[in-house]
Amino acid sequence: MLEQLKEEVCQANLDLPKHGLVKFTWGNASAVDRESGLFVIKPSGVSYEKMKPSDMVVVDLDGKVVEGEMRPSSDTATHAVLYKHYPQIGGIVHTHSTWATIWAQAGLDVPVMGTTHADTFYGSVPCARFLNQEEVDRGYEAETGHVIIETLEKRGLDVMAIPAILLQGHAPFTWGKDVKSAVENSVVLEEVCKTNLYARQLNHFAKELPQGILDKHYLRKHGKDAYYGQK
Ligand SMILES: [Zn+2]
């Protein structure tokens, strides 16, 4: 079942080490099929060299395995919570990519300092709080999803306009309309975290991008008046 989606998800997972976002088996990508209400995710702890589409695990939106020989990613419950809450999301990626993880460990939002950021994220990428002990004990992975939702809602963020978040002391999650764009968003986030850190090091008082330039760059690529690229 969902053979096409398994291919896409397998490819997305293989793209993570290719883009330098993942070491060992850290990281996972998934994609949802809204018609059946099922999603496809990487198996837990399988090396990227050996991974093939048939290894992908099909689970329902409660994270229960529907098809697959292997155990799904240990972060499956986080993906499930996000798919359930946000019908717009088609794919999710989680990595411990170095530069984004540095910002997560610093506990800082990633400010919009350049147009690379503005082309993809319509505002600062938020850093969510640590989970408290009660949440860790209740169900770490599902509660991670709830803290992501809590952060986006508290700040009134549009989930598709800022398709990324950092988890304090942990690492980033990104998403998109499909798993391919979720991977792209991870790559952009990593690049932005790296350039921002260097820019701030070079000039501690380096300014954030003016709102007008943020609007221009984001809106020429996204939304009804977008004109970037080919029709
Ligand atoms: Zn993680």
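His-170 is buried in this predicted model, with a relative accessible area of 16%. Through its NE2 atom, His-170 is one of the protein donors of a zinc ion, together with His-94 (NE2) and His-96 (NE2). Around this site, eight strands form an open sheet with mixed pairing, and several helices are worth a look too.

**The zinc site**

- The three histidine donors lie 2.0 to 2.1 Å from the zinc ion.
- Along the chain, the donors follow the spacing H-x1-H-x73-H.
- The pair His-96 and His-170 links distant parts of the chain, 74 residues apart.
- His-96 sits in the loop between β5 (91–94) and α3, while His-170 belongs to the loop between β7 (164–167) and β8 (172–176).
- His-96 counts as partly exposed because its relative accessibility is 33%, whereas His-170, at 16%, is buried because the cut-off for that class is under 20%.

**The sheet**

- Reading across the sheet, the strand order is β4-β3-β2-β1-β5-β8-β7-β6.
- The edges are β4 (65–67) and β6 (127–128), each of which pairs on one side only.
- Helix α1 (residues 3–18) packs on the sheet and touches β1, β2, β3, β4 and β5. The direction of α1 makes about 155 degrees with that of β1.
- β5 and β8 pair in the antiparallel sense over four bridges, and here Ile-92 stands opposite Trp-175 in β8.

**Strand β2 and its neighbours**

- Strand β2 (residues 38–41) is covered on both faces: Leu-38 and Val-40 are buried on one side, and Phe-39 and Ile-41 are buried on the other.
- This fits a general pattern, in which the side chains of a regular strand alternate between the two faces of the sheet.
- On one flank, β2 pairs with strand β1 (residues 28–33) in the antiparallel sense over four bridges, with Ala-31 opposite Val-40.
- β1 and β2 form a hairpin with four residues between them, and Gly-37 in the turn has a positive phi of about 70 degrees.
- β2 also pairs with strand β3 (residues 57–60), again antiparallel and over four bridges. There, Val-59 is the bridge partner of Phe-39.

**Helices**

- Helix α2 (residues 76–85) is mostly covered, with seven of its 10 residues buried.
- Those buried residues are Thr-76, Thr-78, His-79, Ala-80, Val-81, Leu-82 and Tyr-83. They pack against β1, β2, β3, β5, α5 (133–154) and β8.
- Helix α3 (residues 98–106) packs with helix α6 (residues 179–202) at an angle of about 65 degrees, their axes being 7 Å apart. Their crossing is left-handed.
- In that contact, α3 contributes Thr-98, Trp-99, Ala-100, Ile-102 and Trp-103, while α6 contributes Leu-189, Glu-190, Cys-193, Lys-194, Asn-196, Leu-197 and Tyr-198.
- By type, the residues of this contact are eight nonpolar, two polar and two charged.

**Backbone spots to check**

- Leu-2, in the segment before α1, has a positive phi of about 50 degrees although it is not a glycine. Leu-2 counts as partly exposed, at 22% relative accessibility.
- Phe-24 is also a non-glycine residue with a positive phi, of about 45 degrees. Phe-24 is found in the loop between α1 and β1 and is exposed, with a relative accessible area of 68%.

Key. Residues numbered from 1 in each chain as written. Predicted model: local features only at pLDDT ≥ 70, side-chain atom pairs only at ≥ 80, totals over all residues. Heavy atoms only, no water. Buried < 20%, exposed > 50% of the residue type's maximum accessible area, 1.4 Å probe, protein only. Helix = DSSP H or I, 4+ residues; strand = E, 2+ residues; numbered from the N terminus. Pairing = 2+ DSSP bridges. Axes fitted to C-alpha atoms, helices over the stretch in contact; angles between N-to-C directions. Left-handed = near helix turned anticlockwise from the far one by under 90°. Contact = heavy atoms within 4.5 Å. Nonpolar A, V, L, I, M, F, W, Y, C, P; charged D, E, K, R; others polar. Donors = N, O, S within 2.8 Å, 3.2 Å for Na, K, Ca; no water.
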